[in-house]
Amino acid sequence: MQVADKTRDVRGTVILAVVCLVLQLALAPNIALGNGRANFALIFSACIALQAGGTRGVIAGFLAGLVFDLSSTAPIGLMAFCLTVSSFALGLEQRNRMAGDLGSTMLLFCGAALGVSLVYHLAMLLVGQADSLIDVIVFRTLPTTALTIVFFVPFAYYYSRVRVTSQGLGGGSLKSGTVGRGTHFTRHGL
């Protein structure tokens with residue numbers, strides 16, 4: 001049984017926001033691969049969208065994108081638009097998609113990271129902040145996607161493994177007839 005704890009959810013979201021903001025402002029500009037840098041605003045919005053989905057995910061995506069736009073030289077609203085659309089797509093089912101399923105979480109995030117990076121850098125080409133289509137795809141989109149995915153792995157692991165077991169969803173006992181995440185068995189079915 002999963003009990004909604006609003007205080008814990010809000011506290012977790014605020015901590016995640018602060019961690020991602022500090023990493024976006026302090027770490028991302030200093031670690032580059034080609035012309036690509038990790039996008040911690042995308043990581044934040046994806047974590048919220050994959051956990052809560054719906055309106056909460058879309059609002060988190062918009063606000064994270066707005067903070068990203070205000071801290072960079074990009075046109076204001078570009079990343080906000082990209083993260084709002086990606087959060088909407090990632091949070092369509094409005095359930096915790098990260099709980100216990102690291103593989104599908106990573107697959108969904110990889111697609112979102114590639115899409116957001118490509119759209120963002122193509123728009124930067126249109127406004128004149130990139131040199132060519134090769135520069136956009138090879139030196140900006142692919143490195144940004146790779147770095148963002150690498151930095152998403154600890155967040156995905158935490159929310160798919162550590163946080164699930166701390167909420168009591170991984171518990172169970174042989175006496176009660178449950179093992180792991182609600183798998184029921186009988187003595188004869190062992």
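Here is a short conversation about a predicted model and how its helices pack.

Student: What is the mean pLDDT of the protein, and where is the pLDDT below 50?

Tutor: Good place to start! The mean pLDDT is 84, with 82% of the residues reaching 70 or more. Where pLDDT is low, the predicted coordinates should not be read in detail. The stretch with pLDDT below 50 covers residues 168-190.

Student: Which residues touch the most other members of the largest nonpolar core?

Tutor: This core holds 38 residues. Helices H1, H2, H3, H4, H5 and H6 each supply at least two of them. The members that touch the most others are Leu16, Ile43, Cys47, Phe109 and Phe152.

Student: Which helix gives the largest share of this core?

Tutor: Look along residues 40-51, which form one of the contributing helices. That helix provides 10 core residues, the largest share, and its name is H2.

Student: Which residues does Leu16 touch, not counting those up to four places away in sequence?

Tutor: Leu16 lies within the 6-27 range of helix H1. Leaving out residues up to four places away, its partners are Phe44, Cys47, Ile48, Phe155 and Tyr159.

Student: Are H2 and H3 roughly parallel or roughly antiparallel?

Tutor: Their axes lie 8 Å apart, at an angle of about 175°. Angles over 145 degrees count as roughly antiparallel. Therefore H2 is, relative to H3, roughly antiparallel.

Student: How many residues in the contact of H2 with H3 are nonpolar?

Tutor: On the H2 side you will find Phe44 and Ile48, among others, while H3 brings residues including Ala60 and Phe68. The contact also has 3 polar residues and 1 charged one, and its nonpolar count is 7.

Methods. Residues are numbered from 1 along each chain as its sequence is written. This is a predicted model: local features need pLDDT of at least 70, side-chain atom pairs count only at pLDDT 80 or more; totals for chains, interfaces and linings use all residues. Side-chain values use heavy atoms; hydrogens and water are left out. A nonpolar core is a set of buried Ala, Val, Leu, Ile, Met, Phe, Trp, Tyr and Cys residues joined through side-chain atoms within 4.5 Å. Buried means under 20% relative accessible area, exposed over 50%, partly exposed in between (1.4 Å probe, protein chains only). Helices (H or I, at least four residues) and strands (E, at least two) are DSSP runs, numbered from the N terminus. Contact means heavy atoms within 4.5 Å. pLDDT is the predictor's confidence in each residue, from 0 to 100. Axes are lines fitted to C-alpha atoms, for helices over the stretch in contact, and angles run from 0 to 180 degrees between N-to-C directions. Angles under 35 degrees count as roughly parallel, over 145 as roughly antiparallel, 65 to 115 as roughly perpendicular and the rest as oblique. Ala, Val, Leu, Ile, Met, Phe, Trp, Tyr, Cys and Pro count as nonpolar, Asp, Glu, Lys and Arg as charged, and the others, Gly among them, as polar.
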